[in-house]
Amino acid sequence: MTHVWFLLFALCIGGCSLFEPREAEPPTQSGAQYEQQTLPHAVISNLQKAIAQKDDLHYIACFTNPARNQRGFTFVPSADAADVYASVLRNWTHDQELMYFRNLKAKARQPNGFSNLTLVSKPDSVITTDSREYGYDYTLTFEHTDTTFTTTVRGALRFSLINDNSEWTISRWVDLKTTNDLTWSSLKGKFSN
């Protein structure tokens, strides 16, 4: 009788494929993998990925949240955009940063409008124990449906990053006009509402 049970057990295991690998399940979430922001370069990489993926939650996670840090987030717009969008850009907040990106995302060309942030690093970084300051020339392209406004902006920017409880975020952003093109500040002003 013991042999019969053993034979039945062996047949069941062999026929049921219990020990064979199964098919991989499809991913539940598409897009790029985001890094924990334990190093400053991860913040910059995440920012670029969030723009490419039009991911507002990962985008805003790149910026210092005033609810969690007293320093908060400061944005200094380019002078030309500050003149045109003075009432909007004057006291720009973390919440406005999120709303602008959500508004821009809502106007994205469908189904797969192109969006990309290219950053060219400048050599004048400032590094301290708990902060970093980096300069970049940028080109931001975001295909949207508003035909009255450009899809590409260019300029230079300075990011000040802080380390708060082992997580790096952008606490200060200064935007600068360096070409005849509109700057990122103008894009923010245009899509702030």
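Read from the N terminus, the elements of the protein follow the order α-α-α-β-α-α-α-β-β-β-β-β-α, and together they amount to seven helices and six strands. Keep in mind throughout the tour that this is a predicted model. With the whole protein on screen, note that buried residues make up 40% of its 193 residues, and that, of the contacts with a separation of 6 or more, 62% join residues 24 or more positions apart. If you switch on the surface, the exposed area is about 11,600 Å², of which carbon and sulfur atoms supply 54%.

Select helix H6 next, residues 94–106, whose 13 residues reach 19 Å from the first C-alpha to the last, close to the 18 Å expected at 1.5 Å a residue. Show its side chains and pick out the buried ones, which are His94, Glu97, Leu98, Tyr100, Phe101, Asn103 and Leu104. Then bring in what covers these residues, including helix H2 (40–53), helix H3 (56–60), strand S4 (131–142), strand S6 and helix H7 (184–190).

From H6, move to the largest nonpolar core, a set of 39 residues in which Tyr59, Tyr100 and Trp184 have the most contacts. In soluble globular proteins, nonpolar side chains tend to be buried together. Centre the view on Tyr59 and, setting aside its neighbours within four places in sequence, you will find it in contact with Leu47, Ala50, Ile51, Glu97, Tyr100, Phe101, Trp173 and Trp184.

Trp173 leads on to the aromatic pairs, of which the count comes to 16. Select Phe159 together with Trp173: the ring centres are 5.3 Å apart and the planes stand at 80°, so this pair is edge-to-face, the class for planes over 60 degrees apart. Because Phe159 belongs to strand S5 (residues 152–164) and Trp173 to strand S6 (residues 167–176), the pair ties together parts that are 14 residues apart in sequence. Both Phe159 and Trp173 are buried.

Now add Lys188, which lies over the face of Trp173 at 3.4 Å from the ring centre. The charged end of Lys188 also sits over the ring of Phe75, 3.6 Å from the centre of that ring.

Finish on strand S6 by selecting Ser171, a buried residue with a relative accessible area of 10%. Beyond residues up to four places away in sequence, Ser171 touches Thr64, Gly72, Phe73, Thr74, Ser160, Leu161 and Ile162. As a last step, draw a C-alpha to C-alpha distance from Ser171 to Pro66, which comes to 9.3 Å in space although the two are 105 residues apart in sequence.

Conventions: Residues numbered from 1 in each chain as written. Predicted model: local features only at pLDDT ≥ 70, side-chain atom pairs only at ≥ 80, totals over all residues. Heavy atoms only, no water. Phe/Tyr/Trp six-rings, centres within 6.5 Å; stacked < 30°, edge-to-face > 60°. Helix = DSSP H or I, 4+ residues; strand = E, 2+ residues; numbered from the N terminus. Buried < 20%, exposed > 50% of the residue type's maximum accessible area, 1.4 Å probe, protein only. Lys NZ or Arg CZ within 6 Å of the ring centre and 35° of its normal. Core = buried A, V, L, I, M, F, W, Y, C linked by side-chain atoms within 4.5 Å. Contact = heavy atoms within 4.5 Å. Expected span 1.5 Å × (residues − 1). Areas by Shrake-Rupley, 256 points an atom, 1.4 Å probe, with all protein chains shown as cover.
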